[in-house]
Amino acid sequence: MTCDECRDMLQDLVDNEVGPAERSALEAHMTTCVECARLHRQLSKFTTTMVKTMAPLKTNVDFAGQVLARFEESKSDLTRMPDEAAEPPAPRTWPVWPFAAIVGLCVLTGLAMLFLKKAPEPAATLSKGRELARIMTFDDRGWSEAQGTGSIYNGNRVEAVEAPGKTVELDFGAEGGAVAVLRSPCKVQIQKSSRQIELAVLQDAPGRIQIRISRGDKKALELKTLLVSYKLAKAMVPLGEAAVVDIEPGAAGELAVSVKKGSAQIFNASEKEDVAEGYARTIPQSGPSTPAIQAKSNTFDWADGK
Ligand SMILES: [Zn+2]
């Protein structure tokens, strides 16, 4: 058997696809031919590895043979390499400072954002009668009294219950010049959205509320309305015009709304209806509101302590 004949059949031998006679002849050749024996060992090892690695891909063994041939070529290239390249190229190093600078910048930016993060704007301040009311805040332990200033944030409650007949004043900020006067005992929860501030009257202390809008320039305001809600009964006062509106929750859940200046709108599940200046109407929890009657002028005096 010649070396060429032997090498043609090596893959078959490795794959166990030769007859006993051929096997004997191949083995006889390889006992005398060191090179063929070495190829056989490499091919066996290589094929085993290939089969293990690539079995799921069902790679055909011709491919393995081609890879082996290429491997043989590159191996000779490799053995020549050290002579030709006396010194291996120095591994490329990256300067450290740009990375340090970037990391430092990120840390600084993060810190700056933490400290400069805008604190939430209060929805209102308790501008008068601070000592007569409590500002309550809700967290996972329930309602508790907010400490510190008279700032009222979205979702807070104002409870004026300890001095019946006395009034406290909530100022909703300069933009609309809007103020709400609460007569104790009165509890409201403040809900502020981008267009509206709602005073939701609590049933256990509905009190009485007077809304006063002092700016009458009708300019376009970001915040459009001030809403007093007693469950389903609602009274809405636009912020664009000067107004004085008295809102008195009643025993049956109705809201009696009297307008001294400006106008208001009342509604429950119904369409909004207007209450014009000088008139009073009452909106129940459900059903139609009462017809407009003349507002009593003395209705509005309570807020001034008369
Ligand atoms: Zn040989």
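In the predicted model, helix α1 buries the residues Cys6, Met9, Leu10, Gln11 and Leu13. This helix comprises twelve residues, 3–14, and its end C-alpha atoms are 16 Å apart, in agreement with the 16 Å that should be spanned at 1.5 Å a residue. Asparagine 16 follows α1 and is found in the loop between α1 and α2 (20–32). Its phi is positive, near 65 degrees, in a residue other than glycine. With a relative accessible area of 58%, asparagine 16 is exposed, since the threshold for that class is over 50%.

A zinc ion is bound by four protein donors, namely Cys3 (SG), His29 (NE2), Cys33 (SG) and Cys36 (SG), which lie 2.0 to 2.3 Å from the metal. Along the chain, these donors follow the spacing C-x25-H-x3-C-x2-C. The ideal angle for four tetrahedral donors is 109.5 degrees. Around this zinc ion, the four donor atoms subtend angles of 99 to 119 degrees, and the arrangement is therefore tetrahedral. Two of the donor residues may be described further: histidine 29 is buried, with a relative accessible area of 11%, and cysteine 36 is likewise buried, at 0%.

A search of the whole structure for disulfides finds zero. Among the cysteines, cysteine 186 counts as buried at 0% relative accessibility, whereas cysteine 106 counts as exposed at 52%.

Helix α5 (residues 97–116) has 20 residues and reaches 28 Å from its first C-alpha to its last, close to the 28 Å expected at 1.5 Å a residue. The number of buried residues among these 20 is zero, so α5 lies largely in the open.

Two further features concern the backbone. Serine 184 and proline 185 are joined by a cis peptide bond, with omega about 0 degrees, and proline 185 is found in strand β7 (residues 178–192). Lysine 231, although not a glycine, has a positive phi of about 55 degrees. This lysine 231 lies in the loop between β9 (225–230) and β10 (233–238) and counts as partly exposed, at 47% relative accessibility.

Side chains of opposite charge can pair when their charged atoms come close. The count of salt bridges in the model comes to ten. One of them joins glutamate 27 and arginine 23, at 3.8 Å from N to O. Both residues lie in helix α2, four residues apart, about one turn of the helix. Glutamate 27 is partly exposed, with a relative accessible area of 40%, as is arginine 23, with 27%.

Other salt bridges connect strands. Glutamate 159 pairs with arginine 134, the closest N and O atoms being 3.4 Å apart. Because glutamate 159 lies in strand β5 (residues 157–160) and arginine 134 in strand β2 (residues 134–139), the pair ties together parts that are 25 residues apart in sequence. Glutamate 159 is buried, with a relative accessible area of 10%, while arginine 134 is partly exposed, at 28%. Aspartate 246 and arginine 208 also meet through their side chains in a salt bridge, at 3.1 Å from N to O. Here aspartate 246 lies in strand β11 (residues 243–249) and arginine 208 in strand β8 (residues 196–213), so the pair ties together parts that are 38 residues apart in sequence. Both aspartate 246 and arginine 208 are buried. In addition, salt bridges that share partners join Arg134, Glu159 and Glu162 into one network.

Notes
Residues numbered from 1 in each chain as written. Predicted model: local features only at pLDDT ≥ 70, side-chain atom pairs only at ≥ 80, totals over all residues. Heavy atoms only, no water. Donors = N, O, S within 2.8 Å, 3.2 Å for Na, K, Ca; no water. Tetrahedral: all angles 85-135°; square planar, octahedral: opposite > 155°, others 65-115°. Buried < 20%, exposed > 50% of the residue type's maximum accessible area, 1.4 Å probe, protein only. Helix = DSSP H or I, 4+ residues; strand = E, 2+ residues; numbered from the N terminus. Expected span 1.5 Å × (residues − 1). Disulfide = S-S within 2.5 Å. Salt bridge = Lys/Arg side-chain N within 4 Å of Asp/Glu carboxyl O.
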